[in-house]
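Biologist: I would like to learn how to read a model of this kind, one feature at a time. Could you start with the general idea and then turn to the case in front of us?

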Amino acid sequence: MNATAAQHHEVLVLGAGYAGLSAAIQLAARTRKRGNLRVTLVNPYDTFTERLRLHMTATGQETAEMNIPELLEGTGAGFVRGWVTAVEAEAKAVRIDDNRVMRYDTLVYGLGSVADTVAVPGVDDHAYTLNSPEDAAILADRLTRLDGGTVVVGGSGLTGVEAAAEIAERHPELDVVLLGRQEPGASMHPKAKAYLDAALARLGVRVRSGVEVAKALPDSVELADGSSIPAGAVLWTSGTRVSPLAAAAGLTVDERGRVVTDSALRSVSHPDVYAVGDAAAIRQGYGVMHGTCQGGMPTGVHAALSILRMLAGKEPKPFRFGYYHTPVSLGRNDAVVQFTHPDDSPRRIVLTGKRAAKYKETVTAAPWPTFARMKKMPASGAFWPHGGRYTRIRSAK
């Protein structure tokens, strides 16, 4: 449909994570002078969740608060605070807090993911998560009230590693145990993995790999081999799950509930719906992308540019993305950065120590200047952070 011929076109963006916010800012900023297109961002909170810093919040450290309406200021995008409770794809409508209905012509679905607390019995009832700043703050309060004892971190992926290191550094009186099926840093180059292992050992983190948690109890975790580990607190970082709303709406989803997209990030079953970030199953030549801020922001930008092309009567271009690095915090003044090939396999290049910590901080803070640049973007390009630098794309015309 040509935008010049349309009386009015409503774009709803669901979820103000890295991907959704990128889509809203990019699209609204580039169309703010048009009177026939409106962009509205829907999110349950009016503050942006810096997921890359939640392990800091979980240890009582203060982080900056980013107000979403302020981030949108000057773009022309609207903001609605509320929970998305249903997507009615055939009617092109979204229910907010059950009692409000918003209609759309184009939908950007970016509701993200949370820790999977339902796969293992007891986790939902007895474990803490880093799903939100509120959840992280609840864990921080619990940690300050523990008089010694053991904290179990379930999940030896990078979120678990960062959380375990942060807790051990900030609470040396606690015994931190990191549990997982795989060894921490298993996908890294041996040099990076060796550094990560040494850092965890220095911090006093006890690593137990090759184990599986069978059940979480109020004061312990039970392992699949029948043994148990006493725990004053359990932090769960093993696996993620997405909202069931996409499947309930009749969108084609994969086995994990993520929206299956075509090469332009449109739903394969409902081409008026674009899926971005963790909520999308986006296939590249090396396989389906896994959820990270590194990949999330580019998907949001590309969805915005694809929508603009469609409204101009042009076909959107295929989305292409390659990974660049894996930065991992190991406390406040230490880190390891594994540089990668585009398929996320490790290269031999590794950065460690204070330089790596500075690099990680630069990457973590990169979205803010990126959003500021997006708000000022001319019609010829867009930027997103990639490895601490800005990468320019040209697919708007």
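Modeller: Two strands are said to pair if DSSP finds at least two bridges between them. Please keep in mind throughout that this is a predicted model. With that rule in hand, strand 14 and strand 15, the latter spanning residues 220-223, pair in the antiparallel sense over 4 bridges, and within this pairing lysine 215 has glutamate 222 of strand 15 standing opposite.

Biologist: Which strands make up the sheet in the order 14-15-16, and which of them are the edge strands?

Modeller: The sheet is an open one of 3 strands, in the order 14-15-16, with antiparallel pairing. Its edges are strand 14, at residues 213-217, and strand 16, at residues 228-230, each of which pairs on one side only. On average, neighbouring strands of this sheet are turned by 15° against each other when direction is ignored.

Biologist: What can be said in the same manner about the sheet in the order 6-7-8?

Modeller: Here 3 strands form an open sheet with antiparallel pairing, and the edge positions are taken by strand 6 (84-88) and strand 8 (100-103), each pairing on one side only. In this sheet the average turn between neighbouring strands, direction ignored, is 20°.

Biologist: Which residues stand opposite isoleucine 96 and alanine 93 in strand 8?

Modeller: Strand 7, residues 93-96, is joined to strand 8 by 4 bridges in the antiparallel sense. Isoleucine 96 faces arginine 100 across that pairing, while alanine 93 stands opposite arginine 103. The hairpin of strand 7 and strand 8 has 3 residues between the strands, and in this hairpin aspartate 97 takes a positive phi near 50°.

Biologist: Let us go on to the helices. How is a pair of packed helices described?

Modeller: Two packed helices are described by the angle between their axes together with the distance between those axes. For helix 1 (residues 18-31) and helix 11 (residues 367-375), the packing angle is about 20° and the axes are 8 Å apart. Since angles under 35 degrees count as roughly parallel, helix 1 and helix 11 are therefore roughly parallel to each other. Helix 1 contributes Tyr18, Leu21, Ser22, Ile25, Gln26 and Ala29 to the contact, and helix 11 contributes Pro367, Phe371, Met374 and Lys375. Sorted by class, the contact of helix 1 with helix 11 has 7 nonpolar, 2 polar and 1 charged residues.

Biologist: And how does helix 9 pack with helix 11, in terms of angle and axes?

Modeller: Helix 9, residues 293-311, packs with helix 11 at an angle of about 10°, with their axes 13 Å apart, which makes helix 9 roughly parallel to helix 11. Cys293, Met297 and Val301 of helix 9 meet Pro367, Thr370, Phe371 and Met374 of helix 11 in this contact. By class, the contact of helix 9 with helix 11 has 6 nonpolar residues, 1 polar residue and no charged residues.

Biologist: How is the protein divided into domains, and what does the UniProt annotation cover?

Modeller: The division is into domain 1, made of 9-112 + 243-321 + 366-391, and domain 2, made of 133-236. Their C-alpha centres lie 32 Å apart, and 10 residues of domain 1 are in contact with 12 residues of domain 2. Separately, an unreviewed UniProt entry carries the annotation "domain: FAD/NAD(P)-binding" over residues 10-285. Over residues 10-285 the chain is 26% helix and 30% strand, and the end C-alpha atoms are 33 Å apart.

Methods
Residues are numbered from 1 along each chain as its sequence is written. This is a predicted model: local features need pLDDT of at least 70, side-chain atom pairs count only at pLDDT 80 or more; totals for chains, interfaces and linings use all residues. Side-chain values use heavy atoms; hydrogens and water are left out. Helices (H or I, at least four residues) and strands (E, at least two) are DSSP runs, numbered from the N terminus. Axes are lines fitted to C-alpha atoms, for helices over the stretch in contact, and angles run from 0 to 180 degrees between N-to-C directions. UniProt positions are given in the numbering used here, feature names are shortened, and annotations may be inferred rather than shown by experiment. Angles under 35 degrees count as roughly parallel, over 145 as roughly antiparallel, 65 to 115 as roughly perpendicular and the rest as oblique. Contact means heavy atoms within 4.5 Å. Ala, Val, Leu, Ile, Met, Phe, Trp, Tyr, Cys and Pro count as nonpolar, Asp, Glu, Lys and Arg as charged, and the others, Gly among them, as polar. Domain bounds come from an automatic or database domain assignment.
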